[in-house]
Amino acid sequence: MTVALEARAKAKQTLALTSNYAAAYAAKAADVDVIAVYPITPQTTIVEKISEFVDEGELRAQLIHVESEHSAMSAVVGAAAAGARTFTATSSQGLELMHEVLHIASGLRLPIVMAVPARALSAPISIHGDYSDVMNTRDTGWITLIAASAQEVYDSIIQAYRIAESVLLPVMVAYDGFLMSHTTEAVELNDEEEVRKWLPRRLDRPNLLTPEKPITMGAFAMPDYYYEIKYQVQEALLGSLDKVVEADREYGKAFGRSYGIVQSYRLEDADYIVVAYGGASWGNAREAVDEARRRGIKAGALRLRVWRPYPAEEVAKALAGVKAFAVVDRAIAFGAPAGGPVYIDTVTALRMRGIDTPGLSVIHGIGQRSMFVEDFVKVFEMLKDGERNKTVYMGLKL
Amino acid sequence: MVQIKVSKKPMDFAVARAPIWCPGCGDYGILEALRRALAELGLPNEQVAIVSGIGCSSQLPHFMKTYGIHGIHGRVLPVATGIKLANPKLVVIGVGGDGDGYGIGLNHLIHAARRNIGVTYIVSNNQVYGLTTGQMSPTTLKGVKTKTTPYGSIDTPVNPLALALSAGATFVARGFSGDVPHLASIIKEALTHRGFALVDVLSPCVTFNRVNTYDWFRARIYKLDSAGHDPSNYEEAYKRALEWPTLDQYGKIPIGVFYKREDLPAYEEEVSRLIGGAPIERADEWIRRIAESGDKAAKEVLEALAPILP
Ligand SMILES: Cc1ncc(C[n+]2csc(CCOP(=O)(O)OP(=O)(O)O)c2C)c(N)n1
Ligand code: SF4
Ligand SMILES: [Mg+2]
């Protein structure tokens, strides 16, 4: 690095960045070795920014523009197996096309990190935001964080390397397509040297392709051991919650920002709680809490920052004893007993602990249908009016 | 293959909605050439099905008064293959971009070619990802700067014509959006071909590709038929295909029909031979049965399809 670049990397600075650019800056700060990407709206500007970093010599990564997302995920699987720190990013159809390989990444226990500005799925074609793509990856064995601001995207991606490399599982950092990927916020960037010190490369992984210790990865497993290997993924994923907490806490100590695994807003005396995820929903939910309280409803809001593993204890703690809760989902679990995927998990988490707080599944923001603060206030009003145990398709034209 | 002839004009294939491509986009040339070819062949609108992928060029079916499926990125040919197998009486046309057909969906080109499925595949080759606003594509020339290659592309471009030829394609051609009459004549020939036809079209993206412009192509293209090329000669066709971009990416660019042979059966013919008749005959039966039960819509469909049903 030139002296000027070094000085720039050292300086802590605040820039106006979209969440996509924040993701690109985080990958740069993490000093990734191999990046394989294929462009798709709304992820494209991450790819373009990273290409600029490589062009300007700010990032000395092996960057390849592959021919599809299936190849992008496959290439980072290969690179991670060979010991590299890897990064990729995608959205929507791209995440769908990767699906097969997502299971390979978790099954081989590779610490890949991926950014996902979330977007609706075809058909019909939509380029707009919702969380259908992310929710479809639910059972792939990936640790999944959902950020609510550009700053959190930046911080979470850096934390993701810590988590991935200690648990040996891949981590996805998702956030709202367009509403975050293409809107600008102030983002404080860390001193890159400090980030690199905080993220030392881990060279003792057992699953490495190295001539000193020849191994075959992903070999055929017979019925006598396949189950155990998959159980290990389950165990690692469930156990990773502690590592998520720890990475967030350590990051806070080093860089002054941490988030927890759930975030709460005015829960202390709340009767009714709205559970949300992603930036737009979280912003609306908090505004709606204030407005509902002005209208005499004791409202509160809870945000899931971690979707996989599901933070069951923390959610149960918040929802136990309140009168009712609602989960606002930006995806549809087609044909499921309730419409919202996160609602289904939330109810399960409560019932598994013998908690019977009644709930309401709210679907909104599908294909980026506008979600108004007033809609969220209405959710509080519905809860207060005794709406329970059903799915409400909000904002739907019938 | 063509079933009946009626007198038609290109605008008979137009819809009320105007295309939304950038002014000057090469895709207008492809649209006009395709309409002209279909009109000259006198094809009934309902005998034509157009399948596209994802990309600016893949919006073409929206602007055609024919059947259409706007599917997913890269999967034009598998969907088109399914249509052709289910109803070989339809003239099936695939349309998509270079990213769609020569990148993410490239393997399908090889398999469609070796099977010789009766689909005409028109690729709008603008050497860039247009819809996603200007990233490197599989046909971007080496050294060219795009949004994802600010350092100049280090990838060697795909040569789709040589690839199709080596995969066993029985009709391989290249046209230019800036020469609509010539392109229309190529597409017409492709549409009447027995089996798979690839029509690669040099189709400038005026917004995101500032290198491969109309003028850039005009300075380089030459017509194969004027150069005395014999499209039945496979080896000659292969040599011509290698000229650009493989041997010299800034050299002369041949356009026209590189290769064509009509003596091999199309895949749908082979399938019909195997099962003794195409499945459409069973589909007809089905619609007929619904119509007989008094369904008005089914009756109308039957009446409309009468000219092309057996
Ligand atoms: C699986 C998948 N990955 C990525 C995309 C994003 N995408 C849409 S169109 C496109 C490329 C368009 O380029 P091309 O096929 O050459 O068509 P053009 O727009 O240039 O006509 C890409 C990458 C997508 N729709 N689906
Ligand atoms: S961006 Fe390029 S390919 Fe797309 S419509 Fe405009 S000129 Fe055509
Ligand atoms: Mg293109």
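In the predicted model, ligand 1 is placed between chains A and B. The shell of ligand 1 comprises 26 residues, and the closest of these are G55(B), H73(B), G97(B), G99(B) and G130(B). Chain A takes part in this shell through α5 (92-107), and chain B through β3 (91-97) and α3 (98-104), each of these elements supplying at least two residues. By class, the surroundings of ligand 1 consist of 13 polar, ten nonpolar and three charged residues.

The shell around ligand 2 is made up of W21(B), C22(B), C25(B), D27(B), C56(B), N126(B), G130(B), C205(B), V206(B), T207(B) and F208(B). Seven of the residues in this shell are nonpolar, three are polar and one is charged. G130(B) is listed among the residues around ligand 2 and is also one of the closest residues to ligand 1. N126(B), another member of the shell around ligand 2, is followed in the numbering by Q127(B), a residue other than glycine that nevertheless has a positive phi, near 60°. Q127(B) belongs to the loop that runs between β4 (119-125) and α5 (160-166) of chain B, and it counts as buried because 28 other C-beta atoms lie within 10 Å, where 20 or more are required.

Chain A is divided by the domain assignment into domain 1 (3-255) and domain 2 (262-393), and the C-alpha centres of these two domains of chain A are 28 Å apart. The contact between them involves 26 residues of domain 1 of chain A and 20 residues of domain 2 of chain A. On the side of domain 1 of chain A that touches domain 2 of chain A, at least two residues come from each of α6, β6 (143-146), β7 (171-176) and α9 (226-255) of chain A. The helix α9(A) gives the most to this side, with five residues. In terms of residue class, this side of domain 1 of chain A is composed of 16 nonpolar, seven polar and three charged residues.

Helix α7 of chain A, spanning residues 150-167, contains 18 residues and extends 25 Å from its first C-alpha to its last, which is close to the 26 Å expected at 1.5 Å a residue. Of the 18 residues of α7(A), 17 are buried, so this helix is largely enclosed by the rest of the structure. The residue that follows α7(A) is L168(A), and its phi is positive, near 60°.

Several further backbone features are found in loops of chain A. The peptide bond that joins S122(A) to A123(A) is cis, with omega near -10°, and A123(A) is located in the loop between β5 (113-118) and α6 (132-135) of chain A. A second cis peptide bond leads from R308(A) to P309(A), with omega near 0°; P309(A) lies in the loop between β12 (306-308) and α11 (312-319) of chain A. A positive phi, near 55°, is adopted by D31(A), a residue other than glycine, in the loop between α2 (19-29) and β2 (34-37) of chain A. With 18 other C-beta atoms within 10 Å, D31(A) is partly exposed, because a residue is classed as buried at 20 or more such neighbours and as exposed at 12 or fewer.

Technical notes. Chains lettered and ligands numbered in written order. Predicted model: local features only at pLDDT ≥ 70, side-chain atom pairs only at ≥ 80, totals over all residues. Helix = DSSP H or I, 4+ residues; strand = E, 2+ residues; numbered from the N terminus. Near = placed C-beta within 6 Å. Nonpolar A, V, L, I, M, F, W, Y, C, P; charged D, E, K, R; others polar. Domains from an automatic or database assignment. Contact = placed C-beta atoms within 7 Å. Expected span 1.5 Å × (residues − 1).
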